[in-house]
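Biologist: I should like to learn how to read a model of this kind, feature by feature. Could you take me through one, giving the general idea before the particular case?

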Amino acid sequence: MATTSKDRPSPAAGLPVQTQDTAALLRELVAHLRQNRTQLREEWARRITRAQLLTAMTEAEIFAEATSVYDNYVEALETGTFEALQAYARNLSERIIPRGVETHEVVGIVLLLRDVLARSLFAKYHEDFDKLNRILDAYEPAANRIANTVAVGFVQERERIIRQQQEAIRELSTPVLQVRERLLILPIIGVIDPQRARQLTEQLLRAIRTNRAKVVVIDITGVAAMDSNVANHLVQTVEASRLLGATVIVTGLSPEIAQTLVTIGVDLSEMATVGDLQGGIEEAERLLGYKVLPLEELAPKT
Amino acid sequence: MEVPILTQGQYLIASIQSALTDADLSQLREALIERVGRFRARGVIVDVTALDVMDSFAVRTLRDIAHMARLRGAETVIVGIQPEVAFAMVQLGLTLKGVATALDLEEGLTFLDGVARERVERGQGPFDRGPGHRDRA
Amino acid sequence: MPDELLVPIASDVDVVTARQQGRSVAANAGFSSGDQTVIAAAISELARNILMYARRGEIALNLITNGDRQGVVIVARDQGPGIPDVARALQDGYSTSGGLGLGLPGARRLMDEFDVSSVVGKGTTVTMKKWRQLAS
């Protein structure tokens, strides 16, 4: 095959050379990748396993995903657009992140694919060094972009999931319990920072509305100390609950916290407090008109 | 924008439908006070479910309504304050102290019925305007 | 999205517009729904103050980014009589018009930055900012 030498500027590393030449070369590359789809995918899957990546997945699963990635890869090379690849990357990430797949594995397999494809190009064009160079010039920037798209897509998805999980944990760790009809209990445990305090209040107010609660028992037995900011916040929570028509009973108030409240100007005689949670619940039930009867009273008299 | 005011038995129910200007709020106050007198209402419910912001003027107006209604023998309940609005109010230091509040219309009616019942129990007829009005702090 | 949103204040209805626009700007900046409500209420207070004391003025709304924080800047400007004693006006419970006087102090408590500059006979400018941490 005769080679024609053309006058063209030597491209700087990594920059795409926008010529008709490039488009034609990419088309040739894509054709090659499609023709050798089977061997290349298998080669790739083999190398993934050898590199001990994606250990969380079975071989069959790896091959299935490898196929999807491969096809999307080739498609991106062919169309030059990356939206579909981006969407796929995010979709893939959504699936594999819960399986415990990590970032370095995803980056690793994409680089392996690049290597597998590059080697197959060497094998095909090793007799035509100039052609090989030109094909690699066309391939290189696209391949970089693809690797980037997949890796970034994965990382973004991971971050999104982490944020979601953190939110869920925060919600779980501040449960608002519905114990009886119209009665909510909010046991608070541990250290409360301003952000958590705020979240507690928002959750409680939403719960009051959803459950149509008339009485709320906030138990702070498990809270060691409270600074004046958080104490203020507690008072605000009580006031806001009242605006929603609910009465708040605070239980488990330690002498230290009582002191803090007094220091910030809270009139404790205005706030309904009861010593312990049990007492608080009884008071709440009384307010709601419940009366707890001992079993003997319910049994029919003979 | 005029707020529709309905009568239900001895009660007046004002249901706010959308954002109100200061003038609208003042107009509502006048309309309610006038009607309390005209119909000899025993209770007033103001439903603020549709309000996504309550600032100092709105709070002041609601307090005025409650105060004036009480002078004419009617108890007022504010219902439907949204959770976020309630939170914003307390953070801004706006209180409805001295004014009864309830979750929604149903709770508001239950509350007013309770007040009426208590009046009967205390020996005050439902139409009495004697001393001893309940001040809900 | 425009750089600055200017809401002229000359009537009752403008107060409502100002707080609705304020809420929308805060929403675009990613503030939580609760914070949007607070911001809208604070704007309502400032807008009403303009109406009550200066009859007309404007509220300017801006979004700014500073490193890893994003914020809303609200500037309330008027050419009214001015506030003779700013410190006193910022105290809870103070008001010359017989109201609750909770406009400025309440708003100031909730904003991250709050500045009042006023010259008697010339006018008043209130600047408030609320920041939000951006997730890294």
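**Reading a predicted model**

Modeller: Let us begin with one face of a helix. On the other side of H4(A), away from its buried residues, Glu83(A), Ala84(A) and Ala87(A) are exposed. Please keep in mind throughout that this model is predicted.

Biologist: Which residues of H4(A) are buried?

Modeller: The buried set consists of Leu85(A), Tyr88(A), Ala89(A), Leu92(A), Ser93(A) and Ile96(A). They lie on the same side of H4(A), because the arc they cover around the axis is only 135°.

Biologist: What span should helix H4 of chain A have, and what span does it have?

Modeller: One compares the expected rise with the end-to-end distance. The 14 residues of helix H4 (residues 83–96) of chain A should span 20 Å at 1.5 Å a residue, and the end C-alpha atoms are 20 Å apart, so the two agree. H8(A) may be read likewise: its 16 residues reach 23 Å from first C-alpha to last, close to the 22 Å expected at 1.5 Å a residue.

Biologist: Which residues are buried in H8(A), and what covers them?

Modeller: Buried in H8(A) are Ala231(A), His233(A), Leu234(A), Thr237(A), Val238(A), Glu239(A), Ala240(A), Ser241(A), Arg242(A) and Leu243(A). Their cover draws on two chains. From chain A it includes helix H7 (194–211), strand S3 (215–222), strand S4 (247–251) and helix H9 (255–263); from chain B it includes helix H3 (83–91) and strand S5 (100–102). Just after H8(A), Gly245(A) takes a positive phi of about 85°.

Biologist: Let us take a single residue of that helix. Why does Ala231(A) count as buried?

Modeller: One counts C-beta neighbours, and the cut-off for a buried residue is 20 or more within 10 Å. Ala231(A), found in helix H8 (residues 228–243) of chain A, has 21 such neighbours inside 10 Å and therefore counts as buried.

Biologist: What does Ala231(A) touch, leaving aside residues up to four places away in sequence?

Modeller: On that basis, Ala231(A) touches Met226(A), Thr260(A), Leu261(A) and Ile264(A). A further pairing can be read from C-alpha atoms: those of Ala231(A) and Ile257(A) are separated by 8.0 Å, although the two residues stand 26 apart along the chain.

Biologist: From single residues to cores, then. Which members of the largest nonpolar core touch the most other members?

Modeller: That core has 106 residues, and the members with the most such contacts are Val216(A), Val44(B), Ala86(B), Met89(B), Ala47(C) and Ile59(C). Its largest share, 10 residues, comes from helix H2 (residues 33–54) of chain C. A second, separate core of 37 residues includes Leu33(A), Trp44(A), Val69(A) and Leu113(A).

Biologist: Which residues does Ile59(C) touch?

Modeller: Not counting residues up to four places away in sequence, Ile59(C) touches Val7(C), Ile9(C), Ala18(C), Ile43(C), Leu46(C), Ala47(C), Ile74(C) and Ala76(C).

Biologist: How many residues does each of chains B and C bring to their contact?

Modeller: Chain C gives 23 residues and chain B gives 18 residues. On the side of chain C that touches chain B, helix H1 (12–28), H2 and helix H4 (103–110) each supply at least two residues, and H2(C) supplies the largest share, nine residues. By class, this side has nine nonpolar, eight polar and six charged residues.

Biologist: What pattern does each of these chains follow along the sequence?

Modeller: Chain B comprises four helices and five strands, in the pattern β-β-α-β-α-β-α-β-α. Chain C also holds four helices and five strands, and its pattern is β-α-α-β-β-α-α-β-β. Of the 137 residues of chain B, 45% count as buried; of the 136 residues of chain C, 36% do.

Biologist: Where does the pLDDT stay under 50 in chain B, and where is it below 50 in chain C?

Modeller: One reads the chain average before its weak stretches. Chain B averages a pLDDT of 89, with 90% of the residues scoring at least 70; over residues 128–137 of chain B the pLDDT stays under 50. Chain C has a mean pLDDT of 85, with 88% of its residues at 70 or more. Among the elements of chain C, H4(C) has the lowest mean (77) and strand S1 (residues 4–9) the highest (94); over residues 94–102 of chain C the pLDDT is below 50. The model as a whole scores ipTM 0.87 and pTM 0.67.

Note on methods
Residues are numbered from 1 along each chain as its sequence is written. Chains are lettered from A and ligands numbered from 1 in the order in which they are written. This is a predicted model: local features need pLDDT of at least 70, side-chain atom pairs count only at pLDDT 80 or more; totals for chains, interfaces and linings use all residues. The expected span of a helix is 1.5 Å times one less than its number of residues. A residue is buried if 20 or more other C-beta atoms lie within 10 Å of its own, exposed if 12 or fewer, and partly exposed in between; C-beta atoms are placed from the backbone. The arc is that of the directions from the helix axis to the C-beta atoms. A nonpolar core is a set of buried Ala, Val, Leu, Ile, Met, Phe, Trp, Tyr and Cys residues joined through C-beta atoms within 7 Å. Two residues are in contact if their C-beta atoms, placed from the backbone, lie within 7 Å. Ala, Val, Leu, Ile, Met, Phe, Trp, Tyr, Cys and Pro count as nonpolar, Asp, Glu, Lys and Arg as charged, and the others, Gly among them, as polar. pLDDT is the predictor's confidence in each residue, from 0 to 100.
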